[in-house]
Structures are given as C-alpha cells and as structure tokens.
Amino acid sequence: MSVLSRETYVAVIGAGAMGAGIAQVAAQAGHPVMLYDTRPGAAAEGRAGIDRQLSRLVEKGKLQAAERAAICNRLHPVDSLEALADAGLVIEAIVEDLQVKQTLFQQLESVCRSDCILASNTSSLSITRLASGLQRPEQVVGMHFFNPAPLMALVEVVSGLATAPDVAAAVHATAQAWGKRPVHARSTPGFIVNRVARPFYAESLRLLQEGAADCASLDAVLREAGGFRMGAFELTDLIGHDVNYAVTCSVFEAFYGDPRFQPSLAQKELVDAGRLGRKSGHGFYSYREQAERPQPAELCSDAPVDACTLEGPAGILQPLIDRLRAGGVAVNGRAGSGLIRVGDASLALSDGRLASQRAQEDGLPNLILLDLAFDYATATRLAISWSADTSNQALEQAVALLQRAGLRVTPVADLPGLVVLRTVAMLANEAADAVLQGVGTAADIDLAMRAGVNYPCGPLAWASAIGLANTLQVLENLQHAYGETRYRPSLLLRRCKAEGGSLHD
Ligand code: NAI
C-alpha cells in the first residue's frame with residue numbers, strides 16, 4: 001500500500017484541539033475531509049475555527065483567498081458515523097480513554113470499508129491493545145501528531161503487534177505527502193518522543209532538588225548553552241504540570257517502575273498545590289500580573305586576564321579557544337590532556353565526575369569544570385562548577401577568561417555532569433535504549449526529537465559529536481556518583497564503543 005491519493009476521503013473523529021488541526025492538515029493537502037464529534041455543534045465549530053486560522057494566513061499574505069475557500073469547501077462536518085462509510089483513512093482524536101476508543105473502533109469496523117485504515121492520535125495508549133478484539137487489527141495504526149498539528153512537522157507512525165507493514169507504510173507516505181516529517185515507531189510506552197524526552201525534565205528537576213541552581217539559572221543554561229528553545233521549568237510551566245507529571249507517571253508505570261523514569265517529588269508538589277503552570281498563573285514561575293521574572297545567576301570578574309595555556313588538543317572546546325583568540329587572549333600551546341590553564345586555575349570539560357573528586361584523583365587544584373554547549377562558537381552562556389579547594393583568585397581568573405570569549409558565566413553547585421552535559425548524556429542514553437529495543441531507528445529517533453520537540457540536534461548525533469567514549473564515560477561517572485541504575489549506560493553505547501562502530505549504523 002502506498003500514499004493515499006488526494007481523492008481519498010479522510011475522516012477525523014473528535015473536533016477538539018488536535019482533531020481540528022489534523023482535519024486542517026488533511027484538507028490543506030487536498031483531501032475531502034469529514035469531521036465528526038459526538039458533541040452537537042462541535043464539528044461545525046471545528047470547521048469555523050479552521051476557517052479563522054486560514055483567514056489569518058490570508059491576511060498575512062501566506063495563503064491565497066481562493067485557496068482558503070477551496071480548503072474550507074473540502075471540510076465537511078458530519079453528524080453520524082454512518083456518513084464515514086467511504087473514508088479510506090479515519091483518524092480519531094477523541095478523549096484519551098482506552099475503552100471509549102475501542103468502542104469507537106468497533107463501530108467504525110462495521111461502518112467503514114474493509115480496507116479503511118483506522119488511525120489513532122493517542123499519545124499514550126498502546127496501539128496493540130487498542131486493536132485487540134477488533135476484526136481487522138492489521139488495519140489499526142497510530143498516527144501521532146504534535147500540537148499544534150498544522151505547525152508541528154513530526155508524525156509518529158506507531159505500529160502495534162498486529163499492524164500490517166503496508167498500512168504503516170501507507171500512513172507514513174501519506175504524512176510525508178502532507179508535508180510532515182513522519183517516523184516509524186513501535187507501540188511501546190511513550191512511543192519515541194514522550195519516552196526519549198523524559199530525561200530532559202527529570203535531570204533539571206533533580207538538579208533543582210539537589211540545589212544545583214535556581215530555576216531561572218538552569219533554564220538559561222539549557223537555552224543559551226544547550227541551544228534548547230526553552231528550559232525544563234519554563235517548558236513544563238507551559239505544558240502544564242498536571243499533564244507533564246501524568247505522562248511521566250504513565251511511562252514510569254508502563255516500564256514497571258524503572259528508576260530511569262521515576263517521577264519527581266518537586267513536580268508532584270506543584271501538582272498537589274494546584275500550581276499547574278501558566279494556565280493557573282503559577283508553576284515554577286509566577287505569571288501573576290506584575291510578577292517579576294527571576295534572573296539567572298551570573299558570576300562577573302574584572303581580573304586582568306590576557307593569556308592562557310591550552311594543554312593538549314582542545315577537542316570539542318576548540319571553538320571556545322577560537323573565541324578567546326578573537327577576544328584578544330593569547331593562547332599558548334603545550335602537550336597535555338585538554339586542560340586550559342589560566343593563572344592558578346585549571347579549566348576542563350566535565351567528564352561526569354564531581355569537580356572535587358576529579359581535582360583529587362587527577363591532582364588538579366583549583367579545578368573549574370565547564371558544562372557542555374551545543375555550539376561553543378555561538379553559545380552566550382556557560383555553566384561552571386569548581387572543586388572545594390578553589391581559591392577566589394582562581395575562580396575570578398577563570399570567569400574573566402570565559403568573559404573574554406563573550407560568555408556569561410552561571411555557577412552551579414558541584415554535582416556530576418553539570419547541566420547540559422548531563423541532560424544530553426541521559427537523552428542519548430534513552431535514545432540508544434530505544435534503538436536497542438527496536439522502538440525506532442537511530443535516524444528516526446533523532447529526527448523525532450528535532451521535529452517533535454525542537455531539540456537543536458538529535459540526541460544520538462549529539463552523543464557522536466561529543467564522542468561516544470566521552471558520553472559513555474559521563475554516564476558511567478554519573479552512575480558511580482549516584483550508585484543508581486537510573487544512570488546505567490545503554491548496552492548499545494557500550495557495544496558501539498567496543499566495536500568501534502557508530503550509533504547510526
Ligand atoms: P479535546 O478535548 O480538545 O478534544 C476531544 C474531542 O473529542 C472533543 O471535542 C469531544 O467532544 C470529542 N469526543 C469525545 N469522545 C468522542 C467520541 N466517542 N466520538 C466522537 N467525538 C468524541 O482533546 P485533544 O487535546 O484534541 O486530544 C485528543 C486526542 O489527541 C487524545 O487522544 C490525546 O491524547 C491526543 N493528543 C493530544 C495532544 C495535545 O497536545 N492536546 C497531542 C497529541 C495527541
């Protein structure tokens with residue numbers, strides 16, 4: 001089965017936020033679309049909402065008025081399931097309830113053609129389970145759009161145990177023809193995105209709980225060094241803590257309590273308090289009128305620093321060295337293992353050990369650890385931590401040096417892996433396990449995280465850029481520091497390192 005022709009009738013069931021968006025996408029792609037909702041008037045309201053969205057595009061000059069009219073003419077609110085008999089593809093976006101969805105699919109089987117594809121936009125229910133008990137489970141597939149559907153490119157095409165490969169292939173090809181970026185995923189808890197993204201929230205929540213820094217500082221580091229659109233606290237405030245916490249709990253339970261997905265008590269407390277984020281006016285931040293947005297912590301130094309020494313190859317820190325030179329700092333070279341020395345201070349990229357532990361083990365007094373940046377050439381901020389023996393003078397010299405590279409410096413407590421490095425290592429670890437367990441291919445998982453949650457880089461490509469051995473070392477050191485299986489490195493990372501292979505083979 002290949003891409004569905006434009007003449008194919010698409011039926012969308014549920015005219016809420018997602019259903020209306022999906023109907024718009026299908027109609028914009030040229031299909032006649034039938035929209036059905038059990039709530040009287042909801043389908044017509046959905047169509048009117050789409051019309052308003054399209055009119056805005058016309059006003060902005062992004063859509064021709066004639067095109068708007070043509071799209072709207074392809075949208076048909078219907079008031080009975082029987083009206084969907086000619087559909088070649090049904091996408092349901094109704095309430096997230098297994099029983100209700102199963103009942104709907106049973107009704108659809110008796111109404112629709114036998115070759116009709118029955119797709120679900122569920123974000124958390126098992127496609128295998130949804131399809132069980134149906135007469136044609138091979139026709140059932142997940143077609144998981146992201147919110148808002150007309151804007152977000154990713155579609156997870158989710159195959160349950162019984163889904164026919166050509167059904168998944170047809171939905172994939174059709175999503176592509178609609179201008180989306182589809183990926184294949186096996187029906188496992190959280191599919192790709194809702195599983196692989198868990199550490200993004202979990203590591204920030206843990207860092208906060210362990211006093212690494214405040215929310216504003218951690219968010220700023222993830223944005224300005226990590227290249228993420230938003231930090232974890234501002235993002236969960238936007239998503240809603242009830243929603244984000246519920247997804248974490250559902251993935252945690254679905255994996256039989258694997259500590260990797262353990263929900264956060266800090267987030268539960270917010271939910272318990274009704275501090276659900278923007279929608280309730282208060283989450284990690286306050287959104288009340290006149291509430292002041294807290295600023296990230298920043299170290300400033302006016303220590304005179306004109307030269308430093310780079311011992312050994314800079315590795316991924318090379319763009320930082322280039323920025324120092326561009327800032328007028330003389331960088332002398334010497335053999336060594338990648339340290340930057342300035343005055344009394346030694347600066348090094350974190351390897352996941354505590355600064356104080358590494359200072360002792362490697363005999364490096366005044367050790368300043370640098371966090372990861374997505375791109376050291378363009379980052380505007382960097383997090384640092386330092387060993388307990390670090391003198392004020394050494395710290396000031398280190399901060400002054402980083403300022404010469406044009407960086408704002410945010411202090412974090414001495415915790416393993418700092419902020420961005422630890423987050424990215426854990427994202428890559430989860431992505432690697434998802435590949436190992438056949439949830440998706442490495443390329444699809446990286447694409448999903450870029451297109452579905454706007455990460456600046458796929459976690460596996462990012463781990464390759466950091467270096468497989470370095471990523472693995474960070475995870476091993478995290479695991480050692482915490483003594484928890486939460487940080488156990490994925491077998492796939494170990495295997496790739498042992499075989500000298502790449503994560504994308
Ligand atoms: P919503 O509450 O905005 O809309 C659901 C619509 O379905 C309502 O209009 C309701 O009247 C209708 N409905 C309920 N039961 C029905 C039935 N038996 N038959 C026909 N219509 C029925 O919900 P939303 O946010 O659009 O979510 C819908 C689905 O999409 C859920 O499965 C959800 O998990 C999934 N999803 C939601 C995302 C989001 O960000 N909101 C993102 C991706 C997936």
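## Polar contacts with the ligand

In this predicted model, S123 places a polar side-chain atom 3.2 Å from an oxygen atom of the ligand. K101 also reaches over with its side chain, where an N or O atom is 2.8 Å from a ligand oxygen. M18 takes part through its backbone instead: one of its backbone N or O atoms lies 2.8 Å from an oxygen atom of the ligand.

On its own, the ligand has 840 Å² of accessible area, and the protein covers 72% of that.

## The shell around the ligand

If you would like to look around the site, 20 residues surround the ligand, and M18, D37, E96, K101 and N121 are the ones that come nearest. Sorted by class, the shell holds 8 nonpolar, 8 polar and 4 charged residues.

Which helices and strands should you follow to get there? Helices α1 (17-28) and α4 (98-111) and strand β6 (140-145) each contribute at least two residues to the shell.

## Cysteines

Now for the sulfurs. How many disulfides does a search of the whole structure find? The count is 0.

C496 shows why a bond is missing at its position: the closest cysteine sulfur, in C457, is 16 Å from the sulfur of C496, which is too far for a bond. For a disulfide, the two sulfur atoms would have to be within 2.5 Å.

C496 is also buried, with a relative accessible area of 7%. C72 is another buried cysteine, and its relative accessible area is 5%.

Notes:
Residues are numbered from 1 along each chain as its sequence is written. This is a predicted model: local features need pLDDT of at least 70, side-chain atom pairs count only at pLDDT 80 or more; totals for chains, interfaces and linings use all residues. Side-chain values use heavy atoms; hydrogens and water are left out. Buried means under 20% relative accessible area, exposed over 50%, partly exposed in between (1.4 Å probe, protein chains only). A residue is near a molecule or strand if one of its heavy atoms lies within 4 Å of it. A polar contact is a pair of N or O atoms within 3.5 Å; within protein, one must be able to donate a hydrogen and the other to accept it, and residues adjacent in sequence count only if both atoms are side-chain atoms. Accessible areas come from the Shrake-Rupley method with a 1.4 Å probe; for residues, only the protein chains shown count as cover. Helices (H or I, at least four residues) and strands (E, at least two) are DSSP runs, numbered from the N terminus. Ala, Val, Leu, Ile, Met, Phe, Trp, Tyr, Cys and Pro count as nonpolar, Asp, Glu, Lys and Arg as charged, and the others, Gly among them, as polar.
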